[in-house]
Amino acid sequence: MGKVEIRTVTNRKQLRQFIQFYYDLYRGNEYAVPYLFFDEMATLQREKNPSFECCESEYFMAFRDGKMVGRVAAIINNRANKRWNINQVRFGWFDFIDDVEVSGALLKAVEDWGRAKGMTEMAGPLGFIDTDREGMLVEGFEELSTMYVNYNYPYYPQHMEQLGGFRKDNDYMEYLVQVPEVVPDKFAKVSDMIMRRYGLRVHHFTRHELVQEGWGRKVFELVNATYSNLYGYSHLSDRQIDKLVNDYIKIADMNLITAVMDGDEMIGFGVTFPSFSRALQKTRDGRLFPFGWWQLLRILKWHKTDTVDLLLIGVLPEYRQKGANALIFNDLIQQFNRYGFRYAEAMPQMEDNEAVRSQWQYLESRQHRRHRCYRKDI
């Protein structure tokens with residue numbers, strides 16, 4: 001068996017090979033969900049991803065005997081490093097065969113690249129910004145994944161333990177929630193009370209309001225305000241917000257975006273999408289053509305799924321204590337029942353964020369996946 005060779009991605013053809021490796025590694029896996037190929041290409045290209053205004057990156061591929069056996073992205077987010085007063089290189093898009101020599105060589109490439117640029121620690125899996133996939137799956141290998149989180153084989157965290165020097169830096173927990181047929185009294189009563197006491201109200205924006213009148217941008221400005229103290233958060237710039245509005249808000253179902261208003265001010269939001277997981281599994285390696293577009297259209301237009309993904313939920317700190325979250329859940333549960341959704345996927349929440357995780361006690365739910373970020377001093 002030959003030695004592991006690390007190659008740097010230097011052109012578009014190699015980038016496509018870098019991306020394709022994931023589909024080849026997980027082909028036929030019943031729990032993994034293919035990511036959209038064009039979305040992966042756009043994210044990893046400097047000219048298409050506005051995150052490069054604050055980030056720099058290098059992509060590495062591992063080969064043995066001429067065959068690709070692994071990949072990893074090395075990323076430095078200078079804005080996040082300044083915010084958290086660290087010198088950190090991130091690793092992401094980290095996939096490999098079950099060979100610790102391969103995983104070790106890939107992480108060594110990230111470490112060497114980061115150290116050469118003055119970094120003193122490495123952490124991951126992380127993306128460019130927080131809307132990218134974060135964490136390595138350490139629990140829930142036999143649960144259907146989503147397009148918004150990493151899926152990996154059980155041997156991945158075993159390699160992290162074998163390689164040494166890495167320690168747990170942060171855990172994200174995810175919940176599968178059963179959508180109740182009737183809004184629980186906890187949410188219904190609190191919603192009614194705070195609407196009367198504080199004058200708050202629920203609002204569903206039109207697409208014109210969100211896209212042309214700027215309310216979609218205000219959603220992500222609220223993300224900056226409500227997520228700013230979360231693990232590794234990188235403040236979203238105007239260009240990054242514009243891309244998120246274009247990628248998500250423009251195609252969203254307006255009934256599945258709930259806003260909470262205090263007068264003319266948005267103080268909370270919930271952004272949800274019908275699950276694309278099963279539809280993506282029916283595509284050819286995450287491609288829209290020739291027939292992948294039809295699988296996704298069935299979800300977008302006719303909601304042909306029993307599951308909805310809770311992508312973003314946020315409430316300004318001063319309104320959380322008033323119970324504004326209950327307004328969001330009270331409204332969304334009603335919308336979910338209208339569409340016949342039976343389950344809701346609650347996206348990753350930090351392990352130590354008890355205030356967020358405690359919300360699920362009022363609903364029938366189970367914690368079914370856990371993702372972990374690792375850190376190592378270099």
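## The second largest cavity

In this predicted model, the second largest cavity has a volume of about 70 Å³. The residues that line this cavity are Val-177, Gln-178, Val-179, Pro-180, Leu-310, Phe-329, Leu-332, Ile-333, Phe-336, Ala-344, Trp-360 and Leu-363. Sorted by class, that lining comprises eleven nonpolar residues and one polar residue, with no charged residues.

Two secondary-structure elements, strand 7 (167–178) and helix 13 (324–339), each supply at least two residues of the lining of the second largest cavity. Of the contributing elements, helix 13 gives the most, with four residues.

## The largest cavity

The structure holds two cavities of 30 Å³ or more, and the largest cavity contains about 160 Å³ of space. Its lining is made of 17 residues, among which Trp-93, Phe-94, Asp-95, Pro-125 and Asn-150 lie nearest the centre of the cavity. Strand 4 (residues 88–96) gives the most to this lining, with four residues.

By class, the lining of the largest cavity divides into nine nonpolar, five polar and three charged residues, whereas the lining of the second largest cavity has no charged residues.

## The second largest pocket

The second largest pocket has a volume of about 400 Å³, and 25 residues line it, of which Leu-144, Ser-275, Arg-278, Asp-306 and Thr-307 lie nearest its centre. In terms of class, the lining of this pocket has six nonpolar, eight polar and eleven charged residues.

Five elements each supply at least two residues of the lining of the second largest pocket, namely helix 10 (277–281), helix 11 (292–302), strand 11 (307–315), strand 12 (343–350) and strand 13 (365–377).

## The loop between helix 10 and helix 11

The loop between helix 10 and helix 11 holds Asp-285, Phe-289 and Pro-290. As general background, most residues other than glycine have a negative phi, and most peptide bonds are trans. Against that background, the phi of Asp-285 is near 55 degrees, a positive value in a residue other than glycine, and the peptide bond from Phe-289 to Pro-290 is cis, with omega near 10 degrees.

The accessibility of this loop can be followed through two of its residues. Asp-285 counts as buried because its relative accessibility is 13%, which is under the 20% cut-off for that class. Phe-289, by contrast, is exposed because its relative accessible area is 61%, a value over the 50% that defines the exposed class. Together with Trp-293, Trp-294 and Trp-302, Phe-289 makes a nonpolar surface patch of about 490 Å².

## Other backbone features

A second cis peptide bond runs from Gly-124 to Pro-125, with omega near 0 degrees. Pro-125 is found in the loop between strand 5 (121–124) and strand 6 (136–139), and this proline is also one of the residues that lie nearest the centre of the largest cavity.

His-303 has a positive phi of about 55 degrees although it is not a glycine, and its place is in the loop between helix 11 and strand 11. Because the relative accessible area of His-303 is 11%, this residue is classed as buried.

## Residue separations in strands 2 and 3

Glu-58 is placed in strand 2 (residues 55–64) and counts as partly exposed because its relative accessibility is 26%, a value between the 20% and 50% limits of the buried and exposed classes. Glu-58 and Val-72 are 14 residues apart in sequence, and their C-alpha atoms are 8.7 Å apart in space.

Lys-67 is found in strand 3 (residues 67–77) and counts as exposed because its relative accessibility is 59%. Lys-67 and Glu-5 are 62 residues apart in sequence, while the distance between them in space is 9.8 Å, C-alpha to C-alpha.

Conventions. Residues are numbered from 1 along each chain as its sequence is written. This is a predicted model: local features need pLDDT of at least 70, side-chain atom pairs count only at pLDDT 80 or more; totals for chains, interfaces and linings use all residues. Side-chain values use heavy atoms; hydrogens and water are left out. On a 1 Å grid over the protein atoms alone, a cavity is a set of points where a 1.4 Å probe fits but cannot get out, and a pocket is an open set with protein on both sides within 12 Å along at least five of seven lines; lining residues have an atom within 4 Å of a point. Grid points are joined across faces, edges and corners, and a volume is the space filled by probe spheres set on the points. Ala, Val, Leu, Ile, Met, Phe, Trp, Tyr, Cys and Pro count as nonpolar, Asp, Glu, Lys and Arg as charged, and the others, Gly among them, as polar. Patches are made of residues with over 30% relative accessible area and no salt bridge: like charges are joined within 9 Å, nonpolar side chains (Val, Leu, Ile, Met, Phe, Trp, Tyr) within 5 Å. Accessible areas come from the Shrake-Rupley method with a 1.4 Å probe; for residues, only the protein chains shown count as cover. A salt bridge is a side-chain nitrogen of Lys or Arg within 4 Å of a carboxyl oxygen of Asp or Glu. Buried means under 20% relative accessible area, exposed over 50%, partly exposed in between (1.4 Å probe, protein chains only).
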